[in-house]
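Q: Please take a close look at the largest pocket of this model. I should like an account of its lining, followed by its setting in the rest of the chain.

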Amino acid sequence: MRYILFFVFASICLPLHATFAKNDEEALLVRRINEFWHDREYPFAKVQIEEFLAKFPKSDSANTFYAMLGNISMEEKDYERGLNNFDKINSCSLARQVRLKRFHCLYQLKKYSTLQELLPNILKENPPKAESDLCHFYYAEALFRKAATIYNEGEKEFILAKEYCLEAITHYEELVYGPFASHAKIALAEIYRLLGEYERAAIMYLDLSSLPGSDFNESLLLHAGKMLSKFDKDRAIATFSHLARFGVKQQEEAALLWARLLFQDKRWEELALNQEEIFNYLSSKTRDELHYFLGEARFHLGEFAPAAHHLEIFLQKAGLCSQEENALLTLMKAYRELKMVEKLEVCWARYLSHYGNDPAHLPEKTRAQLMRALALKEWALAEGKKMDRAIAEFDAIFSEWVEAPREETKEIAEIALAEKTLLYFRFKKWRASYAAAGDYLSYFPNGHNQKMVCKFSLSSLLEQIYLVQTQGKLQEERHLLETLASDLERINSNSSSFTEKEKEESRQLLAKAYYTIGKSSEAISILHTQLMSNPSSQKSAELHFLLALCYLKENRSPKKAIFYGENALALNESGAPFPEERMLHLGLFNAYLALKNQIKREEERKAADHLFLAISAFPLEESTRPISLENLLWLSRFYYREVMEGSKKAGEETIVKTVFTLEHLLGRDKDPVNFTPNLPFLEEEALKLAKIYAINEELQKEKALLLALLAFENNHRATWKYYFYIKLALADCYLKNGEIGMALPLYSQLEMETPDDKIEILYKARLMSARLTFAMLPEEEKNEESPALLEILNKLKELVLRKNLSLEPIHLEAAIDYADFSSRGCSKREEIHLALLRVAKEEFTKQDDIHSKDYQASFAIYPEKAAVYQAYLRYIDAKILLLEGEIALSHGENSLGKGKISAARALFSTLRQKRFALSLYLNDKVGRV
């Protein structure tokens, strides 16, 4: 900073001469001011200057005097006045001389925005090094201070603050090797702290500590950290971590303080992240406390096994200390989460021996006892163990409170009794659960868990009713229905405990009871009444849901079941599934199909989606109550049809559903390569799945499925219908993967062994065999004298002559390949290629023989094949034009050649449009042009 002031004050020379004066009085005053100034008698100079400017405001010396006043104000640290005086200078040259002083005033007045506006233009002038350093300094300071204000005041423009910081860094870095080095490095360290780059900040501080003249005193730094911890934990943690990393004498204490502060501030993740580093700084004597910190941290992070490990180490070495009780309690919680009941029991025994007989610890002891009871309950539920130990513990907690009621343990006793009710309920001890609920409602009529226990009470009663109903003893146990009605009436009349909303829930529960015992009509009546008062709430969704179930159970009015079921799903704002929602989806599927002739494609799609959800969204139920094979076949065929028809509704989601359904049907989601002997029944579905894999470009899955399927079929050929289709699909798959060496033998085998009744497979295999054989021929054999080429051309020619519109584009592609392959190796390839394409066009457009007439007449029967035909003929026309144009150009007929090429390109352009993109072959051909 001394360098800054020195340069600023030395940056202007103010020579004053009497020649500036216009009269003797003015000259006299100028000389006097000059003398005071050079004698450094600034107070006298200031008074004289102010008198002079009052008398001669338009003097030629005014600009210089304003500069002098600005200097004097800066000496007096009156930067506001100094800035005002500098701003009055209207001489460009003098203003340039004092601009650094002006920047210093702006800096001292914290007018950072003004500095931010002015300094970039000054820096663009490339001023001398010393002046440039000052400009970099002021600009960096302005950016940094603005950013710090945003961070410190918690403003929301943190992105802007970060931009300021990043820009400030570039200017501070200009100063780190000059007289501004210390200040720049301190600022950089603080900026890195603001940006969260703590390691870089630490490096800057370390760099500062090594500067000549610096005093890196560890004790002072440690005390500073302790003070910072009272009001700025971030800086305190940074200080302790820095000292732990770079200190010598205070390293161990700093590391422990670092860990302790992270623990006290509940920075669990940060403590866990740095645990290994902190351990390295501690001796064996100070590590025990760190184990306690880490145990608590890992527990709060949900890492229960590491938490237990650290707490066990701590408790092995720690005796009775302030942290032992908390450590024992947290360790028991961790054992509960880890379901280590026996270890929890050992820990509980230690807790009892140390704190069990101390009345001061009774509330904590009772809480720990409740936690132990809850762990026993969870263990019993998870492992299918007897619930006796948990019930006994709940009873002990409750009985202790009954014998000696205390306000501190009342809530714990209440929870224990509520949990006892729940545990009996979970173990389907309906009568015991109902009795425990009765005890709870008697002792804690206004307890925190009253409403939950009341629901368990009613549910237990409903389950008892359902049980005796299934046993055919409902008439003998009619008192249960009377008890249910009585309880529900009590809920509805107890205005002090239950709100109107909760009373509505009890009426809904009564409706559910009626539904449970088969009185759907009574349930429907109650639900309709409730629905009138809940037209648009989440409760309305539940009412619609129950109404749908009632109508489905009555097996009448599928339209009403659909209406209420769809509304229930649409109104369910929570997104959580209803209880028995799978039953609703299955019911809606059947309801839609029950409409028979009334069902439209959209309703059929809804039916499919409901069945799909019943399979995919409820995997546990699906494993215990699987969907019938008939329904699975219906679903897979529906989705497959959607995909293959290219319906607007059939996007990626439909493809995913199709794959899932087919894999589920085939059992491929469980074992992707194993087929059973009864699979011939599902052979077609397996082939469909392979096609969907191909559409979805999952070629490895397609290949794996086809290979496994083919391997199985090779041992069961007599029972399979699609063997040749599967073999062709596998060959195509190999080809798409670029495995020509694997594809060609399969095509060749299909040529040899495919029966005549599968002519479409035979012709496709013949075409692909010819094409791949040609691709693998050496170049020297691709000439008109080659026997191998002649055999390929004969195959292609035969395919052309046997053209059948229903099999296109096999014949069209054969004709195009024939023209291409025949012209290879010829000296006048373009002319021969052109001639052969004209022959091909003639072959597919003529009508002078029976085959051609049948071919042309088939357009009306196969309109989609007619579109294929048009696309390929358009390609042939475009290729003919292109070749004609190229030949014309080679003969010097430039105008004719360019015209034909232009026309060819126009035709190719139309083929690139989606409506003509009918095959990969055609797309590839057009793409090569």
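A: The account below begins with the pocket and then turns to the chain around it.

The model is predicted. Its largest pocket holds about 2000 Å³ of space. The lining is made up of 49 residues, and those nearest the centre of the pocket are D732, K764, M768, L920 and Y921. By type, the lining divides into 28 nonpolar, 18 charged and three polar residues.

Eight elements may be read off as contributors of two or more residues each to this lining: helix 37 (683–695), helix 38 (699–713), helix 39 (723–736), helix 40 (740–753), helix 41 (759–776), helix 43 (810–823), helix 46 (863–890) and helix 48 (920–928). Among these, helix 41 gives the most, with nine residues. The central residues can be placed on these helices: D732 falls in the range of helix 39, K764 and M768 in that of helix 41, and L920 and Y921 in that of helix 48.

One of the contributors, helix 43, is preceded by a loop that begins after helix 42 (787–801), and P809 lies in that loop. The peptide bond joining E808 and P809 is cis, with omega about 15°.

Another contributor, helix 46, can be followed through a contact with helix 44 (829–845), in which E830 is found. Leaving out residues up to four places away in sequence, E830 touches L883, E886 and I887, and these three positions fall within the range given for helix 46. The C-alpha atoms of E830 and E886 are separated by 8.1 Å, although the two residues are 56 apart along the chain. With a relative accessible area of 38%, E830 lies between the 20% and 50% limits and is therefore classed as partly exposed.

Helix 37 has a comparable link, in this case to R637 of helix 35 (residues 629–645). Beyond its sequence neighbours up to four places away, R637 touches E685 and K688, both within the range of helix 37. R637 and E685 are 48 residues apart in sequence, and their C-alpha atoms are 8.2 Å apart in space. R637 is also partly exposed, because its relative accessibility of 40% lies between 20% and 50%.

The nonpolar interior offers a further view of the setting. The largest nonpolar core has 74 residues, and those touching the most other members are L527, L547, L635, L689, I692, L706 and Y747. Of these, L689 and I692 fall in the range of helix 37, L706 in that of helix 38 and Y747 in that of helix 40. L635 touches A608, L611, F612, I615 and T661, when residues up to four places away in sequence are not counted.

A second, separate core has 63 residues, including F65, L123, A140 and I169. Two residues touch named members of this core. I33, in helix 2 (residues 24–38), is in contact with F65 as well as with Q48, I49, F52 and M68, neighbours within four places in sequence being left aside. The C-alpha atoms of I33 and F52 are 9.1 Å apart, with 19 residues of separation in sequence. I33 counts as buried because its relative accessibility, 0%, is under 20%. S132, in helix 9 (residues 129–152), touches L123 and P127, again without residues up to four places away. Its relative accessible area of 13% is also under 20%, so S132 is buried.

Two loop residues in the N-terminal part of the numbering have a positive phi without being glycine. K77, in the loop between helix 4 (62–75) and helix 5 (79–87), has a phi of about 60°. N126, in the loop between helix 8 (112–124) and helix 9, has a phi near 55°. K77 is exposed because its relative accessible area of 57% is over 50%. N126 is exposed by the same limit, since its relative accessibility is 66%.

For the chain as a whole, the secondary structure comes to 48 helices and zero strands. Buried residues make up 49% of its 929 residues. Of the contacts with a separation of 6 or more, 58% are between residues 24 or more positions apart. The chain exposes about 47500 Å², and carbon and sulfur atoms supply 52% of this area.

Technical notes: Residues are numbered from 1 along each chain as its sequence is written. This is a predicted model: local features need pLDDT of at least 70, side-chain atom pairs count only at pLDDT 80 or more; totals for chains, interfaces and linings use all residues. Side-chain values use heavy atoms; hydrogens and water are left out. On a 1 Å grid over the protein atoms alone, a cavity is a set of points where a 1.4 Å probe fits but cannot get out, and a pocket is an open set with protein on both sides within 12 Å along at least five of seven lines; lining residues have an atom within 4 Å of a point. Grid points are joined across faces, edges and corners, and a volume is the space filled by probe spheres set on the points. Helices (H or I, at least four residues) and strands (E, at least two) are DSSP runs, numbered from the N terminus. Ala, Val, Leu, Ile, Met, Phe, Trp, Tyr, Cys and Pro count as nonpolar, Asp, Glu, Lys and Arg as charged, and the others, Gly among them, as polar. A nonpolar core is a set of buried Ala, Val, Leu, Ile, Met, Phe, Trp, Tyr and Cys residues joined through side-chain atoms within 4.5 Å. Buried means under 20% relative accessible area, exposed over 50%, partly exposed in between (1.4 Å probe, protein chains only). Contact means heavy atoms within 4.5 Å. Accessible areas come from the Shrake-Rupley method with a 1.4 Å probe; for residues, only the protein chains shown count as cover.
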